[in-house]
2 protein chains.
Amino acid sequence: MLMPKPALLTLGQGELRIDRNFAIAVSGLGDARVRSAANRLSTRIEKRTGLSFASGSKSAVLTIDCASKGETVQGLGEDESYKLMVTSEGARLTANSPLGVMNGLATFEQLVQPSSVEGFSVPALTIEDAPRFKWRGLHLDVSRHWMPIEVVKRNLDAMAAVKLNVFHWHLSDNQGFRVESKVYPKLHELGSDGLYYTQDQVREVISYARERGIRVVPEFDIPGHSTSWLVGYPELGAAPGPFEIGRTWGIFDPVMDPANKDLYAFLDKFIGEMADLFPDSYFHIGGDEVNGKEWSENPKVTDFKRKHGMLPAIGTPDKQALKLSNEKLQAYFNERVLALVKKHGKKMMGWDEILAPELSKDIVIQSWQGQKSLGDAVQQGFQGILSSGYYLDHMDSAGLHYSIDPLVDPKTKETLRLTADQKSRILGGEVCMWTEYVTSENVDSRIWPRTAAMAERFWSPMTVTDAADMYARLDLVSRQLDWYGVTHHASYPMMLARLAGSGPVAPLKTLADVVQPVGLSGRARAGRLSGHPYTQETPLNRLVDAARPESAEARRFSGLIDASAWAEVRQALTAWKDNQQTLAPLLQSSILRELVPVSADLTQVASLGLEALDYVAKHQKPAAAWTASANQTLVEAKKPKAEVIIAIVDPVTRLVELASRQ
Amino acid sequence: MLMPKPALLTLGQGELRIDRNFAIAVSGLGDARVRSAANRLSTRIEKRTGLSFASGSKSAVLTIDCASKGETVQGLGEDESYKLMVTSEGARLTANSPLGVMNGLATFEQLVQPSSVEGFSVPALTIEDAPRFKWRGLHLDVSRHWMPIEVVKRNLDAMAAVKLNVFHWHLSDNQGFRVESKVYPKLHELGSDGLYYTQDQVREVISYARERGIRVVPEFDIPGHSTSWLVGYPELGAAPGPFEIGRTWGIFDPVMDPANKDLYAFLDKFIGEMADLFPDSYFHIGGDEVNGKEWSENPKVTDFKRKHGMLPAIGTPDKQALKLSNEKLQAYFNERVLALVKKHGKKMMGWDEILAPELSKDIVIQSWQGQKSLGDAVQQGFQGILSSGYYLDHMDSAGLHYSIDPLVDPKTKETLRLTADQKSRILGGEVCMWTEYVTSENVDSRIWPRTAAMAERFWSPMTVTDAADMYARLDLVSRQLDWYGVTHHASYPMMLARLAGSGPVAPLKTLADVVQPVGLSGRARAGRLSGHPYTQETPLNRLVDAARPESAEARRFSGLIDASAWAEVRQALTAWKDNQQTLAPLLQSSILRELVPVSADLTQVASLGLEALDYVAKHQKPAAAWTASANQTLVEAKKPKAEVIIAIVDPVTRLVELASRQ
């Protein structure tokens, strides 16, 4: 029932009863985080059992022994291991640092279950546990859509539950600059629509994260992705401006001007301010997706390039030469910025694009391009983390993400050929939540529970890869998060009720339960085709926004087919087939009208499934024409409509195959 | 779709579109509450539509005109009426007071629905509305189980949504004294287990309520129900003490000593302090359920009675004389307290028991004894409100509560024979939430949505009595409350998941969906019979605590029988019959074991229902022996087990009747 799975677990005999006399004793040299983590655990167990622990002197049921205070600022690679021993007499948690204690307590919390003997209990066992990777992150974009501090906090709680230890806070982008700057106040005043974190709030988040064993790494994306900076400070840009906050998605032209020496003075002060605000030793400068257009078009920039040997001193450069010169210009910029980041005591981090052999080797590359790019980086001596394969906005399944390993080529399934030393420079991975099509209302449902599968990938031994087993445990983690106020479950019926208006929610839910949103590119395409491309102002209140990234119903249905549970398969198909009848009146409202073809497809797919099921039941092979026609229907039904796909098309296709292969 | 139904509604042509340009303009003489109510409405419509309203100058879509500031302290009978006109061009809300504005905005909020044309809209209409009763309350006991301030606040929001206007805060009882007293700090320090509201928090709640058009009436229950006072101040009691906070339920012996003149000095200061803290003009002194035991046994009290002519000067009084003398003593006490309450500028209020002809007529009687008791009171010239029939802890249906009218004898269904003047002294009613078997986790599910039905009883014309229509609208209100953070829906799956442990929740939910908790007396009886009578410390974490007071599934099923929807009836019965199979493994845990007979009953009842359905389908009358045996089984199945009843027994009994009457 644990997620992530511990490195080593030995079951014992019997169980430790959890009743109202539960109490925790703390000993050793741990700092105040140990006591507050213990108190949090008590409150959580109270919630998860419905018990009220008696106050007053009681003998400890769980004793915690922590050997050190831990580092003042949580460090990369700080000891996170712990040992937990549970017998019917009591439980003992030992760790070298408060981080280990927190991890052990997260494990203990998941172990509390209804007992077959009386009330609640924890099974007797011994766990020795430590993470596989030291960098286990969640990246959250708060620029494209604003995420209030409550969203951040409850996600930090959820991260801690699955032992993630880095919150990567994507704080600026074209669509919003989200931190108060006292040095350059026009950054947040003009760049955020008033939606930014005050410095006090930032400190609150950092402290909240530290209490939970999580580092906070800020990202300020430069020199591209920076339109929101240029609104208040157009003089930093490579084009004259004026600039407005970006409202659409994609790669923008506005970019900082590396030829402007005032830019570095600005960045010096700014990075200094932020280096003071964010205590973590890493500072993420983004560095991705510069299209170079404004650099190519700006004569001063061209002069600068010629002067610095990035372009020949004379002549009109061709496209390829311009592209190369822009890459060199960005490398120049990165070197200047690296010097500033170092000056303010930080290590620099950026996306693949910042990689250049000249940069010092203590930077960390975050790879959205894949294991190969990451492997190249560590071979060159850089450190890196993997994010390719962990993009939540692609709306892939937990199983798919789970299968991606930072050390394994996803195509060949072979472990990267790296020396031990090179491997050790692959620090871990980060799950990425980009928020073009996500709001504070549905962000939790995009992050959770899928992120827990990736958290296990980063924590547990490389050999832990059984997807079925993972899914069983994922369901439990998903329920656990409800107690933290994570809204991945709670917002769903509300968003559906909104769409149903005064009509019944049930038939809409039947449909919604078996559809999945298309990913980022599908949504962008749909927006373009509709003639109303998505902007920051487009309401995200349709079925596609309520639907979950991975249909649990479809997965369950697929399992029924695997198990040849034909009665239940028939029941499910019948319900889907009949749903259109009750759903139809609802689909007259303008906001649901787009679902008419989706509902029709569901009926058709379910009907086909029932026909296939009849063939299977009768052990009768259908005519080739039937199979051909069925498959054609299924291919059509698989195409996204209203930006959702019907997740039972694949299992029904399997059913048709089963029928025709008899 | 409105609840409560307005007094007068005329539908117009077309609809008013609600899009991102929605804006509200405020004019007139209203105070700051009008603007903040308007802002709240905007935010709520944003949530309920998923739109983001653009900021900046826009022309108003809704204009509000408020004719006065309203009273500084919200008064009983202050004008709450409003007029709302909506056309396709715009909406206009006019009211004489901020209270009317808030009521009108609550109406407007419920009118926003998905449009058949585009996005969201409000139908064109004109509403003229005013309440039938001026006292429309919710009473919440925070003594028997502690209710944190968040619980109070979200319930105030919910109250405002259905136009309730009095929050009756039951702040002290045997089991806890819940307000900080600076004058007598041992009250909260020793009487509350540390669970009390600070005076700042009380002010926060009062201000929150005022912003929502809700008066806050405090209750300090004396002279009985006062054990928690006596823990810190035993000298006030009629027995020597020492006293401990009450942990069990029922009528306790400890009582204040009316013969002790220091008591009145104490109450004078205490009432003075609380009269300053609570601005409302009413002050509730409880006054219920004094058993008189300690008075009868205390010689000093007996002397006092003799001296004041409540007992003959000599001789040993018999039981009846003692009882009468105790009633007289309480009447004496009430008169003394009334003088103090008046001295501090308040009007007194109490339960039926305080009623004595000698008391001045400006007190308000809260009747838990019924319309007759209430009728007597107003005939004597007192004012009164009804609570009998509105007790949520009895676990009755919304329909039952809805059928109770303060002016109608519930037995004869006849309107009370009262003069217009007498009728006008029936100020309204109060829904009562007593919390012996309720915690902050499930309290919302006990209050909502049933309270909305009673809110309509108090607000809407007496002629609005169609239960089917009420239920359709109740469902919508119930969904609306989700947006306020009311947890009546959200806590249910979490409480079930807790019980399921690492097992599947679905089969447990199937059972839970068709059971209902027994009421107060059933739970007390079950506790006694189990040998573990309930106390304040008994965990309320069983199925009975998660189950909803009224099974929506059973109501739906009953409707299917009414509609002769036999296919769906069969489907439902089959699912219930088959549920035991998947549920059984779960029932091995100790906390679910008690449900074994409940699940067995459900299977048996469903099987019977299927048999009855077969007879109905075949138009065949069953043998008399079958019917007799079926009915016996149903009678047995109707008996509570594990403190729940199976709510489909009644509809299945109807099905058996249908079969046998063919």
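**Questions on strands, pocket and axis**

Me: In S9(B), which residue is the bridge partner of B:Leu138?
Reply: Happy to start there, with the reminder that this is a predicted model. Strand S8 of chain B, residues 135–141, is joined to S9(B) by five bridges, and the two run parallel. Within S9(B), the bridge partner of B:Leu138 is B:Phe167.

Me: How many of the residues of strand S9 of chain B are buried?
Reply: To count as buried, a residue needs under 20% relative accessible area. S9(B) covers residues 166–173 and is mostly covered. The number of its eight residues that are buried is eight.

Me: Along strand S4 of chain B, which side chains point to the face where they are buried?
Reply: In a regular strand, side chains alternate between the two faces of the sheet. S4(B), residues 82–86, shows such an alternation. B:Lys83 and B:Met85 point to one face and are not buried. Pointing to the other face, and buried, are B:Tyr82, B:Leu84 and B:Val86.

Me: In S5(B), which residue is the bridge partner of B:Val86?
Reply: S4(B) and S5(B) form a hairpin, with four residues between them. Five bridges join S4(B) to S5(B), residues 91–95, in an antiparallel arrangement. On the S5(B) side, B:Val86 has as its bridge partner B:Ala91.

Me: And in S7(B), which residue is the bridge partner of B:Val86?
Reply: S4(B) is also joined to strand S7 of chain B, residues 120–129, by five bridges. These two strands run antiparallel. Here the bridge partner of B:Val86 is B:Leu125.

Me: What is the RMSD when chain A is laid on chain B?
Reply: The superposition takes a turn of 180° and a shift of 0.0 Å along the axis. That is why the relation is the one of a two-fold axis. With this operation, the RMSD is 0.0 Å.

Me: In chain A, which residue has the C-alpha nearest the axis?
Reply: The axis here is the two-fold that relates the copies. The nearest C-alpha of chain A is 3.2 Å from the axis. That atom belongs to A:Ala490.

Me: What share of the contact residues of chain A recur in chain B?
Reply: A good follow-up to the two-fold relation. The same surface serves both copies. The share of chain A contact residues that recur in chain B is 100%.

Me: Which helix gives the most to the lining of the second largest pocket?
Reply: This pocket holds about 860 Å³ of space and is lined by 25 residues. A:Glu118, B:Thr538, B:Pro539, B:Asn541 and B:Arg542 are the lining residues nearest its centre. Two elements give two or more residues, namely strand S1 (8–18) of chain A and a helix of chain B, residues 520–530. With three residues, the one that gives the most is H19(B).

Me: By class, how many residues in the lining of the second largest pocket are polar?
Reply: Take the other classes before this one. The lining has eight nonpolar residues and eight charged ones. The polar residues number nine.

Me: Is B:Val337 buried or exposed?
Reply: B:Val337 lies in helix H10 of chain B, residues 319–343. Beyond four places in sequence, B:Val337 is in contact with B:Ile222, B:Leu267, B:Ile271, B:Ile285 and B:Met348. The relative accessibility of B:Val337 is 0%, so this residue counts as buried.

Me: Which residues does B:Thr633 touch, not counting residues up to four places away in sequence?
Reply: B:Thr633 sits in helix H24 of chain B, residues 624–638. At a relative accessible area of 18%, B:Thr633 is buried, because the limit is under 20%. The residues it touches are B:Gln604 and B:Leu608.

Me: What is the phi of A:Ser564, roughly?
Reply: A:Ser564 lies in the loop between helix H21 (552–562) and helix H22 (566–583) of chain A. A:Ser564 is partly exposed, with a relative accessible area of 40%. Although A:Ser564 is not a glycine, its phi is positive, at about 50°.

Me: What is omega for the peptide bond that joins B:Trp448 and B:Pro449?
Reply: B:Pro449 is placed in the loop between helix H14 (443–447) and helix H15 (450–459) of chain B. The bond joining B:Trp448 and B:Pro449 is a cis peptide bond. Its omega is about 5°.

Terms used:
Residues numbered from 1 in each chain as written. Chains lettered and ligands numbered in written order. Predicted model: local features only at pLDDT ≥ 70, side-chain atom pairs only at ≥ 80, totals over all residues. Heavy atoms only, no water. 1 Å grid on protein atoms, 1.4 Å probe; cavity = no way out; pocket = protein on both sides within 12 Å on 5 of 7 lines; lining within 4 Å. Points joined across faces, edges and corners; volume = space filled by probe spheres on them. Nonpolar A, V, L, I, M, F, W, Y, C, P; charged D, E, K, R; others polar. Least-squares fit on C-alpha atoms with pLDDT ≥ 70 in both. Contact = heavy atoms within 4.5 Å. Buried < 20%, exposed > 50% of the residue type's maximum accessible area, 1.4 Å probe, protein only. Pairing = 2+ DSSP bridges.
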